[in-house]
Amino acid sequence: MSTEFQFHRRIHAAVVFILLLAGCGGSATITPASKPYISTRFLAPAHFTVQVGAFSNQSNALRLTNTLQRQGLNAYHFVHKSGLYKVRFGNFPTKNAAGKKAESLKSKGIIDVFYIVSSQHLRDENSIRRSIVKTAENFIGVSYRWGGSSTQKGFDCSGLTMTVYRLNGLNIPRSSIQQWKVGKPVLRSRLIKGDLVFFATSGWKKISHVGIYAGNNKFIHASGSGKKIRTDSLSGKYYKSRYVGARTYL
């Protein structure tokens with residue numbers, strides 16, 4: 001697993017851009033006949049992204065991230081284990097496509113030096129799963145916010161899961177309902193680190209919440225309004241009674 005996707009424990013200052021389509025809640029009713037309508041193999045990993053800066057000062061990274069987002073790019077920055085704030089954008093199917101976009105931005109004076117980062121090596125399932133959990137742990141303590149899109153303003157539950165997966169080279173939908181639909185069902189007794197766990201917290205058998213399974217019966221999630229991203233137990237009375245199932249995307 002490339003260290004480029006490892007996060008420093010102080011990532012709480014990082015900003016991650018997410019398309020604001022739908023939040024945690026929804027009205028997808030779960031029935032015994034419910035099945036994913038898309039094969040898990042449809043969820044292709046991100047192939048190439050463009051790195052356009054590594055800064056010692058977070059404000060510089062934030063400034064460039066905001067500039068790229070104004071260009072309509074899914075830009076984000078994070079704290080690398082080196083302590084530098086790295087800025088990246090894009091999810092391109094080929095290295096050539098990533099390079100063309102970067103060159104276009106460079107010709108306009110929006111970016112300067114860049115290089116293409118490949119996630120083609122993200123093929124070992126165990127490594128990906130460990131990295132998914134590690135990434136999620138680095139967001140613990142960030143505030144909840146409905147429709148949230150950054151560590152400064154907060155995340156909602158599906159915004160967190162989508163962000164964590166994207167930063168590990170996997171594209172899953174934005175809303176908890178769609179995340180449920182596209183994944184492959186997993187029995188609770190067979191949960192593995194990195195799987196997503198789903199709950200009906202706002203109505204009988206209606207998907208309204210999602211978290212990331214972290215092993216040992218624990219999961220990480222953006223728990224709700226006025227709270228922070230945290231770890232909870234699947235055996236706790238509240239979540240045990242509202243648990244509806246799990247999905248895998250690997």
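This passage describes the fold, a six-stranded sheet with two helices against it, and the salt bridges of a predicted model.

The structure is a predicted model, in which local features need pLDDT of at least 70 and side-chain atom pairs count only at pLDDT 80 or more, while totals for chains, interfaces and linings use all residues. Residues are numbered from 1 along each chain as its sequence is written, and side-chain values use heavy atoms, with hydrogens and water left out.

The secondary structure of the protein consists of six helices and 13 strands; helices (H or I, at least four residues) and strands (E, at least two) are DSSP runs, numbered from the N terminus. Of the 250 residues, 51% count as buried, where buried means under 20% relative accessible area, exposed over 50%, and partly exposed in between (1.4 Å probe, protein chains only). The protein exposes about 11500 Å², and carbon and sulfur atoms supply 51% of this area. Accessible areas come from the Shrake-Rupley method with a 1.4 Å probe; for residues, only the protein chains shown count as cover. Among contacts in the protein with a separation of 6 or more, 69% join residues 24 or more positions apart, a contact being heavy atoms within 4.5 Å.

Six strands form an open sheet with antiparallel pairing, in the order S8-S13-S9-S10-S11-S12; two strands pair if DSSP finds at least two bridges between them. Strands S8 (184-186) and S12 (229-233) stand at the edges with a single partner strand each, so one side of each has no neighbour in the sheet. On average, neighbouring strands of this sheet are turned by 40° against each other, direction ignored. Strand S11 (residues 218-222) pairs with S12 in the antiparallel sense over five bridges, and Ile220 stands opposite Thr231 in S12.

Helix H3 (residues 125-137) packs on the sheet, where it touches strands S10 (209-215), S11 and S13 (243-248), and its direction makes about 115° with that of S10. Axes are lines fitted to C-alpha atoms, for helices over the stretch in contact, and angles run from 0 to 180 degrees between N-to-C directions. Helix H4 lies across strands S9 (196-199), S10, S11 and S12, running at about 45° to S10. Nine of the ten residues of H4 (residues 157-166) are buried, so this helix is largely enclosed by the rest of the structure. The buried residues of H4 include Cys157, Leu160, Met162, Val164 and Tyr165.

Four salt bridges are counted, each defined as a side-chain nitrogen of Lys or Arg within 4 Å of a carboxyl oxygen of Asp or Glu. Glu125, Arg129 and Asp195 are linked in a network of salt bridges. Within helix H3, Arg129 and Glu125 lie four residues apart, about one turn of the helix, and their side chains meet at 2.9 Å, N to O. Arg129 is buried, with a relative accessible area of 4%, whereas Glu125 is partly exposed, with a value of 35%. The side chains of Asp195 and Arg129 also meet in a salt bridge (2.8 Å, N to O). This pair links distant parts of the chain, with Asp195 in the loop between S8 and S9 and Arg129 in H3, 66 residues apart. Asp195 is buried, as is Arg129.

A further salt bridge joins Asp156 and Arg174, whose closest N and O atoms are 3.2 Å apart. Asp156 lies in the loop between strand S7 (154-155) and H4, and Arg174 in the loop between H4 and helix H5 (176-182), so the pair ties together parts that are 18 residues apart in sequence. Both Asp156 and Arg174 are buried.
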